[in-house]
Amino acid sequence: MPVSGLPTLGALPAPAVAARLRGAGLALRCGPLVFRVRSPLASVAAHLAALYRDHPLADVGGFADFVVAVAPVRGVRRWLRPQVRFLFDGEPPFNPMPRAQAPAVLEWGMNWCVGAHAHAWLVLHAAVVARGDRALLLPGPPGAGKSTLCAALVHSGWRLLSDELALVRPGDGLVEPVPRPVSLKGAGVRVIRERFPGARLGATLRETRKGDLAFMAPPPASVAAMGRPARPCWIVVPRFDPGGPRARLEPRRRGRMLVWLARNAFNSSVHGEAGFDRLADVVAGCACHALSYRDIDAALAALDGLAPAMAETHVA
Amino acid sequence: MSGAASALAATPLVRALRSPEAAAGFRPAEWELAVRAGRRAALLAALAHRLARGPGLGTVPAGPRRHLEAALRLAGHQARALRHEAMVVRGALAPLGVEPVLLKGAAYVLGGLPPAPGRLVADLDLLLPRACLPEAERLLFRQGWLTAEPHPYDQRYYREWMHEIPPLRHARRGTLLDLHHALVPPTSRLGCDPGDVGARAVRAGEGFRVPAREDLLVHAALHRLGDGEHERALRDLWDLDRMVRAWLGEAGLREALEARAAAFRAERALAYALGAARAVFGTPLPEGLLARLEARGRCRLGARVVVPLLLRAADPARPPAWRGVGAARWLMYVRGHWTRMPLRLLIPHLLRKARRRPARAGAAA
């Protein structure tokens, strides 16, 4: 599904993808951001071809927001323990990691670019999905089951805006989509494979710093809608609790939610007072809940229950 | 001038800084180079200010404009944080009876000096009389400032050979504080501290004490030539350009600068730094100043070697491993150390640093 007539990555034959990655770079458009990626690694080429298949390619001579690369580390060690490093503008922001994890290194590096530099937005640590133009924010620390829930939601009638980073526009509080692969960890990989056989998952990467993980392609319709921002309407803090109820949704106080969100934002201090006010407006416009779940279907049903109820209150 | 100067002056970042109107004709690829170089050299917010005051940020295409606005936000945040730290530190040091003098970025931003618009400042640099330092450290410790270099060798290195004590880091806020007792290390070949910078300091901007104008200029030059860190060299030259341009019209700038350069025995450093700023940014200099500084500093070969090297090392448009930028940075790093201490101190120091590096890298991996 092409976005505004631009060619997609999927339209490019595999050798051309690899050639661009080795050469001038592959310019991927993800919502408002363009990443120009270079890498000589076949695993990175395969990851991009499979999981960014529907993403539009930006102009070769166009403006790229972030110029990144995943490159093998040279030296004697490469024969014993091959490693790769992520490069932002030619410099490594963090330590090398095992070569088998190259696709994850790219995704984490891209997240780092947004968290460290995208101060044009208030960047919150949250997954975001939407029904039409109304967004559900799922903030939470790693390991709380937000990616699993996010993956399930986008195969159940919600559209993916982001799996990890919510870009809130400081001007009007709308969230801009940056649809990229969803990173599923541990048991989440199996849950999504079994429950949604149509989901396209990449290879499972073993023993990363976040455990075993696999990336899931964003649904084509979500990628096609990457130009459509959404208004935050619900904030739900998820928690996977294997010993708890199938799914329990409880209201949360807005004040506490605001403080917690601000503290977990990547750059709320950079935005200062205006950023805090904007965040307060966002929270004030949302119904806030906590969701603990052990059963993904029960969790989906509980969240579906939110949507019609909120539709009425917002019209009124 | 050299090829390095013309190459640097032709980069989109420098062209746009020199005349913001030139940016109107930029192609997307040129904007990309300007943003990347600006981010690397910590000059993106300065560029945003220049554009905002000139043709307006509205004339910039949406992609790069977002990065320019982001840089302005970041600079605003750093200035707020810096102001807060400076107030806390001033309060903590009140019992000393000597108010510290702000140096470098802190002086520019909180003193409202010409380089202030869009100036990024990560740490707070302060000058105090050497005799006050032990008491200042005790007072700051009570407020949560702990040493950021706990290794005994680093402690000894700073305390014996440097013009500052080891950096302090606030335990809760993570902010860095450098306490200086002089503007150059006592062993430096670049110059010596005449010991009267504090006495000549003035109040500026928000009421903080900052060095006198000539001292700010000499210090900026000494810092550029003596510091091993060249990623931000272009930013240091921009600071010099802003100050010289703003103060050029004032009577006696040339005489005052010559007198202070002599007091610091820093004619050579000042000549190199001003020469480099002129080569890149076209900085207008007082009539005859450079020639007199070069003569007094006996910069015969130096001007033809050090300035081009400095300019090559300063090029932020290229990754460090590109066309000699890495080599130039390494040479300038060695040169920085060379000028900082005599060989009998330098060689053991670099050997110790080299021996410790693999251990540290191993621990980090």
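Q: At what angle do the axes of helix α9 (residues 213-226) of chain B and helix α10 (residues 233-247) of chain B cross, and how close do they come?
A: In this predicted model, which admits local features at pLDDT of at least 70 and side-chain atom pairs at pLDDT 80 or more while totals for chains, interfaces and linings use all residues, the axes cross at roughly 160° and come within 10 Å. Residues are numbered from 1 along each chain as its sequence is written, chains are lettered from A and ligands numbered from 1 in the order in which they are written. The helices themselves are DSSP runs of H or I with at least four residues, strands being runs of E with at least two, both numbered from the N terminus. Each axis is a line fitted to C-alpha atoms, for helices over the stretch in contact, and the angle between N-to-C directions runs from 0 to 180 degrees.

Q: Why is α9(B) called roughly antiparallel to α10(B)?
A: An angle over 145 degrees counts as roughly antiparallel, under 35 as roughly parallel, 65 to 115 as roughly perpendicular and the rest as oblique. The crossing is at roughly 160°, and α9(B) is therefore roughly antiparallel to α10(B).

Q: Which handedness does the crossing of α9(B) and α10(B) have?
A: The crossing is left-handed, a term for a near helix turned anticlockwise from the far one by less than a right angle, with clockwise giving right-handed.

Q: Which residues bring α9(B) and α10(B) into contact?
A: Contact requires C-beta atoms, placed from the backbone, to lie within 7 Å. In α9(B) the residues include B:L216, B:L217 and B:A220, and their counterparts in α10(B) include B:L240, B:M243 and B:W247. The contact has eight nonpolar, one polar and four charged residues, where Ala, Val, Leu, Ile, Met, Phe, Trp, Tyr, Cys and Pro count as nonpolar, Asp, Glu, Lys and Arg as charged, and the others, Gly among them, as polar.

Q: What makes the packing of α10(B) and α12(B) roughly perpendicular?
A: Their axes are 9 Å apart and the angle is about 90°; the two helices are therefore roughly perpendicular to each other. On one side stand B:L237, B:W238, B:L240 and B:D241 of α10(B), which meet B:A273, B:L274, B:A276, B:A277, B:V280 and B:F281 of α12(B). By class, this contact has nine nonpolar, no polar and one charged residues.

Q: Why does B:K104 count as buried or exposed?
A: A residue is buried if 20 or more other C-beta atoms, placed from the backbone, lie within 10 Å of its own, exposed if 12 or fewer, and partly exposed in between. B:K104 has 24 such neighbours and therefore counts as buried. This residue belongs to helix α6 (residues 104-110) of chain B, and its phi is near 50°, a positive value in a residue other than glycine.

Q: What makes B:R265 partly exposed?
A: B:R265 has 18 C-beta neighbours inside 10 Å, which means that it counts as partly exposed. Its phi is also positive, near 50°, although it is not glycine. B:R265 lies in the loop between α11 (253-263) and α12 (267-281) of chain B.

Q: How do you know that B:L126 is buried, and which residues does it touch?
A: B:L126 has 26 C-beta neighbours inside 10 Å and so counts as buried. Its place is strand β2 (residues 124-127) of chain B. Leaving aside residues up to four places away in sequence, B:L126 touches, among others, B:V89, B:L102, B:L177 and B:H180.

Q: What makes helix α5 (residues 146-154) of chain A largely enclosed?
A: Nine of its nine residues are buried, so the helix is largely enclosed by the rest of the structure. Among them are A:K146, A:C150 and A:V154.

Q: Why do β1 (26-30) and β5 (97-98) of chain A count as edges?
A: The open sheet of chain A has five strands in the order β1-β2-β3-β4-β5, with mixed pairing. β1 and β5 each have a single partner strand, so one side of each is left without a neighbour in the sheet.

Q: How do you know that β3 (residues 66-72) and β4 (residues 83-88) of chain A pair?
A: Pairing requires at least two bridges found by DSSP. These strands pair in the antiparallel sense over five bridges, and the bridge partner of A:V70 in β4(A) is A:F86.

Terms used. Two residues are in contact if their C-beta atoms, placed from the backbone, lie within 7 Å.
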